[in-house]
Protein chains: 2
Amino acid sequence: MQSSSAGSSRSLKEIKADAVAASIAESALALFDKKGFDSVTVDEIASASGISRRSFFRYFGTKEDVVVSGHAAFGEMIIEMVKGRPQEEDVWVSLRRGYDVLVDNVDRDPEGAARTMRVINSTASLRAHTLEKHGAWAVGLAPEIARRLGDLDARRLEADALVHASFACLDVALAHFARNPKARLHELLDAAFKALR
Amino acid sequence: MQSSSAGSSRSLKEIKADAVAASIAESALALFDKKGFDSVTVDEIASASGISRRSFFRYFGTKEDVVVSGHAAFGEMIIEMVKGRPQEEDVWVSLRRGYDVLVDNVDRDPEGAARTMRVINSTASLRAHTLEKHGAWAVGLAPEIARRLGDLDARRLEADALVHASFACLDVALAHFARNPKARLHELLDAAFKALR
DNA sequence: TCCTAAATGGCACTCAGTGCCAATTCGCGG
DNA sequence: CCGCGAATTGGCACTGAGTGCCATTTAGGA
């Protein structure tokens, strides 16, 4: 999927490599969705993608990465979005706005997003991995929130609680969305955020 | 560790098995704390415990279970505690009181709890596993909270958000406790809960 | 003491993940 | 169009977690 950070020159090699990775991910996701993540072996994915097992692990460090690595860039994007919000804005609102980058992405391809969520939510290790990734994003986000709260050490815990709770809202909203893809994610998120205020 | 559910007769066998498991866990935790979870093999744990590799997997289904399975019972205990709170009590307060069973357990052996938290917090897969377990507990807890909120379907998301956010507070408080074991966990938890109200 | 059932250990297997090296492919200058 | 060098790929062998199967040992009760 997309992963541009320096928006200028992508060598032909990189473009091709990304295309191959996307193609592998597509085959793999389809298999996962049909048979379940755990009962698909890397060998299966490799032969379904027309590559060797060894090459699979060059494109994706782990089997889980096929499902998860596409979202890696969102952490930074959410943090940047929150940093760009007005300083005097209520931090809870700023956090909510940060997740708009995710909402927009889901809205761009609801069926694909729903399939990915289906795979993640039906596999304990993937749920765990996703939660832990959100925790890592939260660590990156907390200093910004702490700064707005006054940056006293006493506010550190408060900032952590707010940030992690906001990710809890995101996870809840995404879980509801996965069970009912015709719901609008942004409305679910708004409702979850409202519940804590 | 303790795992009594039917509070009556524990056969001698079971008592002995629990003791063996506790002894294995002690050796393993010491190794994990010294060398890091990932660089300790099951073979090492087995020989350090004077058992075979195969027997290790009879006591613990996975290497992670050595660290994590001791807390399995707390999920049910937290749910029972919350169910036992007065019906008219504010749900946020009821949730906070539920975690007292964890706080009490930590207070009973602060050094041991800190060591376990150290091991968990320094290993991504264990952090992930713990988060996912809390998520599973949240699923068990949500119906009770939804019931108190009026049980309308519209309240389902709200209940989920509250429950998951309360676990986020718990995780934040535990993380702070792991970094600073001289802090009082119940105060950290109170502060985290207060931050969301 | 003996007999049975559970606990244990050993072995071989699957699968994820990794290091190493040989073969292949591909871009590029001549 | 040819060939050179670098990057990509694939094969192979290895480690480590986890599991099924079976033989052996242990331990408890008649």
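## Residues around the DNA strand

In what follows, Ala, Val, Leu, Ile, Met, Phe, Trp, Tyr, Cys and Pro count as nonpolar, Asp, Glu, Lys and Arg count as charged, and the others, Gly among them, count as polar. In this predicted model, the surface near DNA strand C is made up, by class, of 6 charged, 5 polar and 5 nonpolar residues.

Both protein chains are represented among the nearest of the 16 residues around DNA strand C, these being R53(A), R54(A) and K63(A) together with S55(B) and R58(B). Seen from the side of the nucleic acid, 44% of the atoms of DNA strand C that lie within 4 Å of the protein belong to sugar or phosphate, while the rest belong to bases.

## Polar approaches from chain B

Two arginine side chains of chain B approach bases: an N or O atom in the side chain of R58(B) is 2.6 Å from a base oxygen of DNA strand C, and a polar side-chain atom of R54(B) lies 3.3 Å from a base oxygen of that strand. The backbone of DNA strand C is approached by Y59(B), which has a polar side-chain atom 2.9 Å from a phosphate oxygen.

Helix 3 (53–59) of chain A and helix 3 (53–59) of chain B are the elements that give two or more residues to the surface near DNA strand C.

## Relation between the protein chains

A turn of 180°, with a shift of 0.0 Å along the axis, lays chain A on chain B with an RMSD of 0.1 Å, which means that the two are related by a two-fold axis. Both copies use the same surface, since 100% of the contact residues of chain A recur in chain B.

How values were computed: Residues are numbered from 1 along each chain as its sequence is written. Chains are lettered from A and ligands numbered from 1 in the order in which they are written. This is a predicted model: local features need pLDDT of at least 70, side-chain atom pairs count only at pLDDT 80 or more; totals for chains, interfaces and linings use all residues. Side-chain values use heavy atoms; hydrogens and water are left out. A residue is near a molecule or strand if one of its heavy atoms lies within 4 Å of it. A polar contact is a pair of N or O atoms within 3.5 Å; within protein, one must be able to donate a hydrogen and the other to accept it, and residues adjacent in sequence count only if both atoms are side-chain atoms. Helices (H or I, at least four residues) and strands (E, at least two) are DSSP runs, numbered from the N terminus. Copies are superposed by least squares on the C-alpha atoms of residues with pLDDT of at least 70 in both. Contact means heavy atoms within 4.5 Å.
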